[in-house]
Amino acid sequence: MNDETPAQVPGDQARPPLVPEAEVLAEARRRSRRSFIGLGLAGLAGLGGWGWLLSRPNDAGIPQPLRKVLDANSRLTSAYYKQTRLAPEFPRSRARMPRKNGKAGLKTALDPAAWRLQVKDFATGRTQEFSLADIQALPRVEMTTELKCIEGWSTVVNWTGARFSDFLARYPLAARTGQPADPQNPAANLAPYVDIRTPDEEYFVGLDMPSALHPQTLLCYEMNGQPLTDGHGAPLRLVTPLKYGIKHIKRIGSIAFADTRPKDYWAELGYDWDAGH
Ligand SMILES: Nc1nc2c(c(=O)[nH]1)N[C@H]1C(S)=C(S)[C@@H](COP(=O)(O)O)O[C@H]1N2
Ligand SMILES: [Mo]
């Protein structure tokens, strides 16, 4: 996902065709520019903002459509921005191993072969299991971005994984109706929040859906070209480079969707729930 790095990586031939990175990123950049020019309603409609807007919980009842639009619009502004801004990318050669930081949820031994990702379908409440191979069968995405810890250090890391948005496009588990997401309007009809936990539930992260659908939010299984090690969150972790490290949950065990903001390990300890930077 960097101009200086080929999108194709060794060993990639047998995998499904890559999503054309250049196209996705060019579109995201166009959107970012537009968001600076001004949040026109036409722009929102084009992005699927209306569907998102209309799917948001309605606090004050329905009577005044205009007021509803204005309120929702102001809430959407920040979500829209998050979805379209991109974290800077770096040449692959800049990547280093970050320190192993944070062991919550990683203290017991994990058998990677027995591991399954448990995802609770928002519409039915049923849990569906995924193996690592299922995640690796999704389009493989590589990016070199900065991991920033709230404690003040940061490291450029090369990550490989599947976009969370590709996961939800393939498995529409966040949809209220259970229907596949409309590609023209991906956020319509989706749960507004995602709740991700380690298998033992000691560590847990909440994300808003626009952040989860951001093109750089990955379900990550490789770090600097190697499978994740235990300390860095094997077999699967989250990477979302517009946010601090606290949101990059290691050793994902379960994912669920919610109408209200899920609890978050560091937010409970007083940090900002969004943890963007
Ligand atoms: N399960 C789990 N994930 C976690 C943490 C943790 O304590 N437990 N710490 C977070 C913090 S604060 C940071 S900075 C990053 C660090 O990732 P790294 O150990 O791969 O460098 O992991 C995040 N993910
Ligand atoms: Mo951190």
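In this predicted model, Phe167 counts as buried because its relative accessibility is 0%, a value that falls under the 20% below which a residue is taken as buried. Tyr171 is likewise assigned to the buried class, with a relative accessibility of 15%.

**Aromatic pairs**

The number of aromatic pairs comes to 9 when rings are paired by the distance of their centres, with a limit of 6.5 Å. One of these joins Phe167 and Tyr171, whose ring centres are 5.4 Å apart and whose planes meet at 45°, so the pair is tilted. A pair of aromatic rings is described by the distance of the centres and the angle of the planes.

A further pair is formed by Tyr203 and Tyr265, where the centres are 4.6 Å apart and the planes stand at 35°, so this pair too is classed as tilted. Tyr203 belongs to the loop between strand S5 (193-197) and strand S6 (204-208), while Tyr265 lies in helix H8 (residues 265-268), so the pair ties together parts that are 62 residues apart in sequence. Tyr203 counts as buried because its relative accessibility is 11%, whereas Tyr265, at 22%, counts as partly exposed. Ring pairs also link Tyr203 and Tyr265 with Phe204, Trp266 and Tyr271 into a cluster.

**A nonpolar surface patch**

Tyr271, a member of that ring cluster, also contributes to a nonpolar surface patch of about 260 Å², which it makes together with Ile150 and Leu269. Ile150 is placed in the loop between strand S3 (141-148) and strand S4 (154-163), and its relative accessibility of 30% makes it count as partly exposed.

**The surroundings of ligand 1**

Around ligand 1 there are 21 residues, and those that come nearest are Arg99, Ala104, His232, Arg237 and Lys250. Three polar contacts of ligand 1 are set out below, each with the atom on the ligand side and the partner on the protein side.

| Ligand 1 atom | Protein partner | Distance |
|---|---|---|
| oxygen | Arg99, polar backbone atom | 2.5 Å |
| oxygen | His232, N or O atom in the side chain | 2.7 Å |
| nitrogen | His248, polar backbone atom | 2.9 Å |

How much of the accessible area of ligand 1 does the protein cover? On its own, ligand 1 has 530 Å² of accessible area, and the protein covers 98% of this. Arg99 and His232, which appear in the table, are also among the residues that come nearest to ligand 1.

Technical notes
Residues numbered from 1 in each chain as written. Chains lettered and ligands numbered in written order. Predicted model: local features only at pLDDT ≥ 70, side-chain atom pairs only at ≥ 80, totals over all residues. Heavy atoms only, no water. Patch = residues over 30% accessible without salt bridge, like charges linked within 9 Å, V, L, I, M, F, W, Y side chains within 5 Å. Areas by Shrake-Rupley, 256 points an atom, 1.4 Å probe, with all protein chains shown as cover. Salt bridge = Lys/Arg side-chain N within 4 Å of Asp/Glu carboxyl O. Helix = DSSP H or I, 4+ residues; strand = E, 2+ residues; numbered from the N terminus. Buried < 20%, exposed > 50% of the residue type's maximum accessible area, 1.4 Å probe, protein only. Near = heavy atom within 4 Å. Polar contact = N/O pair within 3.5 Å; in protein donor to acceptor, adjacent residues only side chain to side chain. Phe/Tyr/Trp six-rings, centres within 6.5 Å; stacked < 30°, edge-to-face > 60°.
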